[in-house]
Amino acid sequence: MKQQGEKITMLTSYDYTLARLVDEAGIDILLVGDSASNIVCGNQYTLPITMDEMIFLAKGVVRAAQHALVVADMPFGSYQVNDDMAVANAIRMLKESGADAVKLEGGQEIADAIRRMVKAGVPVCGHLGLTPQSVNQFGGYGLRAKEEAEADKLLADARLLDEAGCFCIVLEKIPAVLAARVTAAVSCPTIGIGAGAGTDGQVLVLHDMLGLNQGFKPKFLRQFAHLAENIQSAVGDYITAVKDSSFPSAEESY
Ligand code: KIV
């Protein structure tokens, strides 16, 4: 698709029902993101979610996917300790969840682990720029690689991930000009989020683009629907109908 100039579409998914709708709508890649820690579990950060929890969620998405590639995030702590543990956990993710590939955050520091995963038959998606598992080092979720030194490191990291065998690289919240440079410099596709239009594809968090996450409206986010209002209105109608005894009707009874 990169070679043909066809943009790649990726959205997060965390459960069977929504993943089935997204898959049927024709998405290319379903990402079981560790943003499930925030979106599904209500945590402030992605850090607390575990391998067992990610595998549980990914299984539902895998059952739903008839067409899309399913990529599962490796959670914080599952690949940083040493390369043996990283490879073992990546194999476990594919084996137990049925996902097609894994995604890991980081560059040079995890390149050897990625090389070994790829050698072991695990397709790997990289993730550079704003890497939420490092929020405690970054001190927040601001734009990354604004300065030349960080931009140079990101470009070098992207080349390393490409050489290590990543089949694609997510670029999160970096200047559009840098994302376009990275995209031109690597052979694998880049998938951007808050990285401008010059990447080979785009990814968004499903709940954010559907307008379910009302308080969250960063500049890069386009809400393609406003489902929070629809849901609250439907629930309000249900409450009213139960309270005034208009639900269930005779036709809705046995
Ligand atoms: O976990 C996630 O949802 C992600 C995307 C934002 C790329 O990593």
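This briefing covers the ligand surroundings, the pockets, the cysteines, the backbone geometry and a few single residues of one structure. The structure is a predicted model. A ligand is present, and the residues around the ligand include Asp-34, Asp-73 and Lys-103. The largest pocket has a volume of about 590 Å³, and the second largest holds about 500 Å³. The count of disulfides is zero.

**Ligand surroundings**

- The ligand is surrounded by Thr-12, Leu-31, Gly-33, Asp-34, Ser-35, Asp-73, Lys-103, His-127, Val-170, Glu-172, Ile-193 and Val-205.
- The side chain of Lys-103 has an N or O atom 2.8 Å from an oxygen atom of the ligand.
- The side chain of Asp-34 places an N or O atom 3.1 Å from an oxygen atom of the ligand.
- For Asp-73, a polar side-chain atom lies 3.1 Å from a ligand oxygen atom.

**Largest pocket**

- The volume of the largest pocket is about 590 Å³.
- The lining of this pocket consists of 29 residues, of which Ser-35, Pro-132, Glu-172, Val-205 and Phe-216 are the closest to its centre.
- Ser-35, Glu-172 and Val-205, listed there among the residues closest to the centre, are also among the residues around the ligand.
- Helix α2 (36-39) and the strands β6 (168-172) and β8 (201-204) are the elements that each give two or more residues to the lining of the largest pocket.
- The lining of the largest pocket divides into 14 nonpolar, eight polar and seven charged residues.

**Second largest pocket**

- The second largest pocket contains about 500 Å³ of space.
- Its lining has 25 residues, and those closest to the centre are Gly-106, Gly-107, Glu-109, Thr-131 and Ser-134.
- Two or more lining residues of the second largest pocket come from each of β5 (124-129), α6 (135-138) and α7 (148-164).
- Helix α7 gives the most to this lining, with four residues.
- By class, the lining of the second largest pocket has eight nonpolar, ten polar and seven charged residues.

**Cysteines**

- A disulfide is a covalent bond between the sulfur atoms of two cysteines.
- The model has zero disulfides.
- Cys-125 is in no disulfide, and the nearest cysteine sulfur to its own is that of Cys-168, 3.3 Å away.
- Because a disulfide needs two cysteine sulfur atoms within 2.5 Å, the 3.3 Å between the sulfurs of Cys-168 and Cys-125 is too far for a bond.
- Cys-125 counts as buried because its relative accessibility is 0%.
- Cys-168 also counts as buried, at 2% relative accessibility.

**Backbone geometry**

- Most residues other than glycine have a negative phi, and most peptide bonds are trans.
- Ala-145, a residue other than glycine, has a positive phi near 55°.
- Ala-145 sits in the loop between α6 and α7 and is buried, with a relative accessible area of 2%.
- Ser-245 is not a glycine either, and its phi is positive at about 60°.
- Ser-245 belongs to the segment after α10 and is exposed, with 59% relative accessible area.
- The peptide bond that joins Phe-247 and Pro-248 is cis, with omega about -5°.
- Pro-248 is located in the segment after α10.

**Single residues**

- Ser-78 is found in the loop between β3 (69-73) and α4 (83-97).
- The relative accessibility of Ser-78 is 3%, so Ser-78 counts as buried.
- The side chain of Ser-78 reaches the backbone oxygen of Pro-75 at 2.7 Å.
- Glu-24 is in helix α1 (residues 16-24) and counts as exposed, at 62% relative accessibility.
- Between Glu-24 and Ile-110 there are 34 Å, C-alpha to C-alpha, and the two are 86 residues apart in sequence.
- Val-242 is part of helix α10 (residues 227-243).
- With a relative accessible area of 38%, Val-242 is partly exposed.
- The C-alpha atoms of Val-242 and Thr-183 are separated by 55 Å, with these positions 59 residues apart along the chain as their distance apart.

Conventions:
Residues are numbered from 1 along each chain as its sequence is written. This is a predicted model: local features need pLDDT of at least 70, side-chain atom pairs count only at pLDDT 80 or more; totals for chains, interfaces and linings use all residues. Side-chain values use heavy atoms; hydrogens and water are left out. Buried means under 20% relative accessible area, exposed over 50%, partly exposed in between (1.4 Å probe, protein chains only). On a 1 Å grid over the protein atoms alone, a cavity is a set of points where a 1.4 Å probe fits but cannot get out, and a pocket is an open set with protein on both sides within 12 Å along at least five of seven lines; lining residues have an atom within 4 Å of a point. Grid points are joined across faces, edges and corners, and a volume is the space filled by probe spheres set on the points. Ala, Val, Leu, Ile, Met, Phe, Trp, Tyr, Cys and Pro count as nonpolar, Asp, Glu, Lys and Arg as charged, and the others, Gly among them, as polar. A residue is near a molecule or strand if one of its heavy atoms lies within 4 Å of it. A polar contact is a pair of N or O atoms within 3.5 Å; within protein, one must be able to donate a hydrogen and the other to accept it, and residues adjacent in sequence count only if both atoms are side-chain atoms.
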